[in-house]
Amino acid sequence: GDDGGVSQVPVGVKPSMGKYLVILCIYAVAAGPGIYLLLRKRNKRRYLWSYICVLSVIFMGIISIMGKSTNLYAPIISYNGLYEQQNGVWSETLQIGIQAPYNSAYHLYLENEYRLLPLNIGSDCMKEYRSDTSESVVIQMGEKNNRVTMDNMASFVQNCFKLEKNRETGTKQMQLSLQGDGKQVSGTWKNSTGYDICNAVLVMQNRAAVLGDLESGKEKTITESTLYSCGNGGIELLIKELMDFNEFQYPDYEITNLSSQVWSALRDRKPDQIYLIGIVTNPDLSFEGDSGYKIYGSTLFQMAVDVDWNSDGYLWCPNMEAYGFSRNGEFSSETNLINGKEATVDYRAEQITELKTIIFSHADYDDDKYYFPFKGKVALYCWETDTFEEIQNWETTLEGEKLKHFLSDNGTIRVRYLLDDTINTVN
């Protein structure tokens, strides 16, 4: 069944298995040949079993003390949260899982403001058995809290639920006014949500810009935030490189969780759809009511954003490759990758009402560590002569009569990429 990803949430501090292994090795040596050789040297081998029993108790005590900090004595809750702003509506979705270190009955109290939906219940997924010992889950609705009672569950079986609630805010609690071109994004933001959002990233298909921390109750200016190029598989690498996750207890999990939400938000969306996504550092955890259990997890914030791409007299499309299409599948618009040595790609510009100028130029990147120059030939298809014309050194401007030659009646530009033999397309 679906667990909403809560099974991946790190819970508490994991025991150091290396330390336990060392203790067990010491015990095996001491309780075996060690104590035997010692008693034989003192001619007291008759006390061997007594000494082994005493030694076992001592080492059991040592292991018990070592494991005290990681022991679980009560149920624990793991969750994934998502706060989303859609115009004047604020929505909260929580995927929660609860598990107990024992199989006796326990209760979970949940705020009744949330709509409660069971996701994955018990190890037998709620199959009905005619037995007095079958797993039992009972949901009782109350005036303040809803109570969920779980009984006869095997130890550490996770029961998963989904909580949802919406509220009208009238106006947007998070406000952004952004302008951009093909290289960067600038503007202002104002956070009135009541939540601090850190490691915020602005994403669209194959592009991302880091906005940083958006503190609650503040308003700031965004100055020329670089618009980076990245495929779906590269967003996690970009987030890891450009953001600081050291303040989190589980940085690797936070990176993966944020990257997964970016991928989920952009999946099956239009290429021009833009989202702001970040980590909420002070989420509302009152959903558990009076349960009093420890809670582990993370909450993300997401909202759709509009960017004005009119700049310097041009209407910019920073991810034009997302509109590309290849008949033979040698190019993927979703990953921005060319497969093989040659690819012919049709870029559809019908979304632009009146196309006057197209400029092909070198992209300026700051860091050679992540980008290297294309080696090969690029040619444009002339619809009048039915032939390809090579672009020299990536530099050309199409306008007027020249533009008409390479722009079809339905607004399509056809480009052929031919890679140099020195480029390794396998890696």
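How many bridges pair β5 with strand β6, and in which sense do the two run? Five, in the antiparallel sense. Keep in mind that this is a predicted model. Here are my notes, point by point.

1. **The chain overall.** Counting secondary structure gives five helices and 27 strands. The chain has 427 residues, and 40% of them count as buried. If you look at contacts between residues at least 6 apart in sequence, 69% join residues at least 24 apart.

2. **The three-strand sheet.** Back to β5 and β6: they belong to an open sheet of three strands, ordered β3-β6-β5, with antiparallel pairing. β3 (106–111) and β5 (136–140) are the edge strands, each pairing on one side only. From one strand to the next, the twist averages 15°. If you want a place to check the register, take Val137, whose bridge partner in β6 (residues 145–151) is Met150.

3. **The four-strand sheet.** A second open sheet to look at has four strands in the order β12-β9-β8-β16, and its pairing is mixed. Its edges are β12 (219–226) and β16 (307–308); each has a single partner strand, so one side of each is left without a neighbour in the sheet.

4. **Where the mixed pairing shows up.** Follow strand β8 (residues 174–180) and you meet both senses. With β9 the strand runs antiparallel, joined by seven bridges, and a hairpin of three residues links β8 to β9. With β16, β8 pairs in the parallel sense over two bridges. For the register on the β9 side, Gln175 has Lys190 as its bridge partner. On the β16 side, Leu178 stands opposite Val307, and Gln179 stands opposite Asp308.

5. **The two faces of β8.** Which residues of β8 are on its covered face, and which on the uncovered one? Met174, Leu176, Leu178 and Gly180 are covered, while Gln175, Ser177 and Gln179 make up the uncovered face. Two of these names came up in the pairing: Leu178, opposite Val307 in β16, and Gln175, the bridge partner of Lys190 in β9.

6. **Asn191 at the end of β9.** Asn191 lies in strand β9 (residues 184–191). Is this asparagine buried or exposed? Buried, with a relative accessible area of 0%. Leaving out residues up to four places away in sequence, Asn191 touches Gln173, Met174, Ile197, Leu214, Glu215, Ser216, Gly217 and Lys218. Met174, one of those contacts, is also on the covered face of β8.

7. **Helix α2, length and sides.** Helix α2 covers residues 48–66, and at 1.5 Å a residue its 19 residues should span 27 Å; the end C-alpha atoms are 27 Å apart, which agrees. The buried residues of α2 are Leu48, Ile52, Leu55, Ser56 and Phe59. They cover an arc of only 110° around the axis, which puts them on the same side of α2. What covers them includes α1 (17–41). Turn the helix round and the face away from the buried side carries Val54, Val57, Met60 and Ile65, which are exposed.

8. **Two positive phi values.** Most residues other than glycine have a negative phi. Here are two residues that go the other way. Asn199 has phi near 50° and is found in strand β10 (residues 197–204). Asp312 has phi near 55° and is found in the loop between β17 (310–311) and β18 (314–315). Their surroundings differ too: Asn199 is buried, with a relative accessible area of 8%, whereas Asp312 counts as exposed at 65% relative accessibility.

9. **Cysteines.** How many disulfides does a search of the whole structure find? Zero. Two cysteines to look up are Cys53 and Cys317. Cys53 is partly exposed, with a relative accessible area of 49%. Cys317 also counts as partly exposed, at 27% relative accessibility.

Note on methods
Residues numbered from 1 in each chain as written. Predicted model: local features only at pLDDT ≥ 70, side-chain atom pairs only at ≥ 80, totals over all residues. Heavy atoms only, no water. Pairing = 2+ DSSP bridges. Buried < 20%, exposed > 50% of the residue type's maximum accessible area, 1.4 Å probe, protein only. Disulfide = S-S within 2.5 Å. Expected span 1.5 Å × (residues − 1). Arc of directions from axis to C-beta. Contact = heavy atoms within 4.5 Å. Axes fitted to C-alpha atoms, helices over the stretch in contact; angles between N-to-C directions.
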